[in-house]
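Visitor: Could you take me on a close look at a single part of this model? I'd like one strand and what surrounds it, then whatever else is worth a stop.

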Amino acid sequence: MDHKTSGDWPLPSGVWYVDDAGAWTMQRSADGQNVSPLVSQADIGKLMLARRLPAAAGAPVRQFPPEFAFDPASGTALQVPPEAAATPSGVAPWVPPFGAYPVSDVPPAGPAGLRQASVPLKLADQRARDEHALADDSLPMPPPGEYEFFSARFGTSAPALLALDPRKAVLHAWLPASKRWLALDPDHGGLLAESDLAHGAWRAELVPEFNSVLALPTSHGLACIRPDVPSLSYVVEHVGGAPCVAAPVWFQNRLWAPLRDDDGRIRFVNLDAAQKPGSDVLLDGLFDLGAVSAPVAYNRMAVWPCANGQLRLQLQPDGNVAASFTPWPEGLVPHFEFGSPYVSRDGGLWQLCFERSRGTYVYVKLGVQSERADALAPRLCSGSFNYRFAAKLKTAPWEEPEHGDDGGKNQAVMPLLESGAGNSVFGVKFATSAGLSSVLRSNERLAAQLVQDDELRETVFHTFAVSEPWRVRLLVHEGMLWAYHPLLSRIDGWALQA
């Protein structure tokens, strides 16, 4: 076989075939799986950032593997596709639900697990935005369910968009040329297990590679799933052999997840970035955790706030990690519905609670039960920022502003994402005439607005009406900010500043 004219070409992106007429098609993915017949060559072109031969307008586009700079047959220089220009090298993956940093040996600058995106977010043409204007683009909804979205390389040269329904354990890939969602099936071995974690308790981790790996909490343990979009398949391994009681978090250069064994005891499994397991860490005793919230990790501590106490991992002076569970003091009830814990300027993490004996809200410093601060009212919090009704504040949520304006009491903003760009917060604004706590417990349909609140202005850029509008998930893919809610009819998107 003369590889210069025809036949298979094994390349880093996969195995490509060139026929006698010089037409190139991708045959197998980098993982060695056959490209699905449901994935068109136009989809492959976009997903693989295939190079192109210059052609007249309207002429058929001839695609080449992304590794090529020239046509091997003619020596003609190949064009870089427009998708490559819109996908700068090194673009960060999107890890749900809040755009966390992907797994890395370099620790992030701040806490993990808060509503803080790892990428700068700022709407393009912000001054021209209008609450009643159409979105810049839209995607159809995946099949019925409640989804979390990943944007990363999954056997693709360009970031691919995946939709995961954790409760049904189904995974769909977006085909950008065909403009449809298609399900991924297991290549071999078992199916991905379901997760019964609540919406507010669920989160994932992602190991960025050419075939990126997702770390997900499931009923059979910590799932490490390797999606392969060109073949519409995945491979999954469940670590631990017991149900996850909470979501995983990257802590001290390892992935940690708490599991509950058949005897009722809590056991922490852990993996390194290559998904190699370490020794399990056992929690002494039997504990009723109650409802569990999403984990947060910072410095030497990872903590899973629970209805009945704090489930913690602590780095010890000898370098080992120890597990503990500390019940809340009598009469103290945590409230997770108001958002993330607050991170103070000294790096402390503070959880909103209600103290029944005094009938007041308090903020309790996680890991140190003796430290607490009284609050006049609960704040909606994303981490560094909190909202007093509809007013964004950087001060501690237990501190009242000297000249507080209560004129906005009939509205509130639930912060959905923080971005370091311009102290920007994306949130959903809604009416609170019935009181904030009552509204957050209500299933009534509410009018709501998506807002970007930065150091210069608040920009309302979308209006919608659903029950529980604060369950909107924002995500970033291909330079766009997208908004998903399971009760909406489509996924709307807005261009971000490059």
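**A close look at strand β27**

Guide: Happy to, with one caveat up front: this is a predicted model. Let's start at strand β27, which covers residues 360-365. Six of its six residues are buried, so the strand is largely enclosed by the rest of the structure. You can check that face by face: T360, V362 and V364 sit on one side and are buried, and Y361, Y363 and K365 on the other side are buried too. Both faces of β27 are covered, in other words.

Now for the strands it pairs with. Strand β26 (residues 349-355) is joined to β27 by six bridges, and the two run antiparallel. If you want a register mark, take Q351, whose bridge partner in β27 is V364. β26 and β27 make a hairpin with four residues between them. In that turn, have a look at G359, where phi is positive, about 65 degrees. Strand β28 (residues 372-375) also runs antiparallel to β27, this time with four bridges. Here the register mark is V362, which stands opposite D374 in β28.

While we're on buried charged residues, hop over to R312 in strand β22 (residues 309-315). R312 is buried and yet has no salt bridge. The nearest side chain of opposite charge belongs to E371, and that is 12 Å away. What R312 does have is a side-chain polar contact with Q310, at 3.4 Å. Beyond four places in sequence, R312 touches M301, A302 and V303, then A322, A323, S324 and T326, plus G367.

For nonpolar packing, go to the largest nonpolar core, which has 59 residues. F149 and L450 touch the most other members there. Setting aside sequence neighbours within four places, the contacts of F149 include W94, W181, Y484 and I491. There's also a second, separate core of 42 residues, with A50, A100, A173 and A204 among them. As a general backdrop, nonpolar side chains in soluble globular proteins tend to be buried together.

One last stop is an open sheet of five strands, in the order β11-β15-β14-β13-β12, with mixed pairing. Its edge strands are β11 (185-186) and β12 (205-207), each pairing on one side only. β11 runs parallel to β15 (residues 233-240), and two bridges join them. To find that pairing on screen, pick P186: its bridge partner in β15 is Y234.

Notes:
Residues numbered from 1 in each chain as written. Predicted model: local features only at pLDDT ≥ 70, side-chain atom pairs only at ≥ 80, totals over all residues. Heavy atoms only, no water. Buried < 20%, exposed > 50% of the residue type's maximum accessible area, 1.4 Å probe, protein only. Lys, Arg positive; Asp, Glu negative; His and termini not counted. Salt bridge = Lys/Arg side-chain N within 4 Å of Asp/Glu carboxyl O. Polar contact = N/O pair within 3.5 Å; in protein donor to acceptor, adjacent residues only side chain to side chain. Contact = heavy atoms within 4.5 Å. Pairing = 2+ DSSP bridges. Core = buried A, V, L, I, M, F, W, Y, C linked by side-chain atoms within 4.5 Å.
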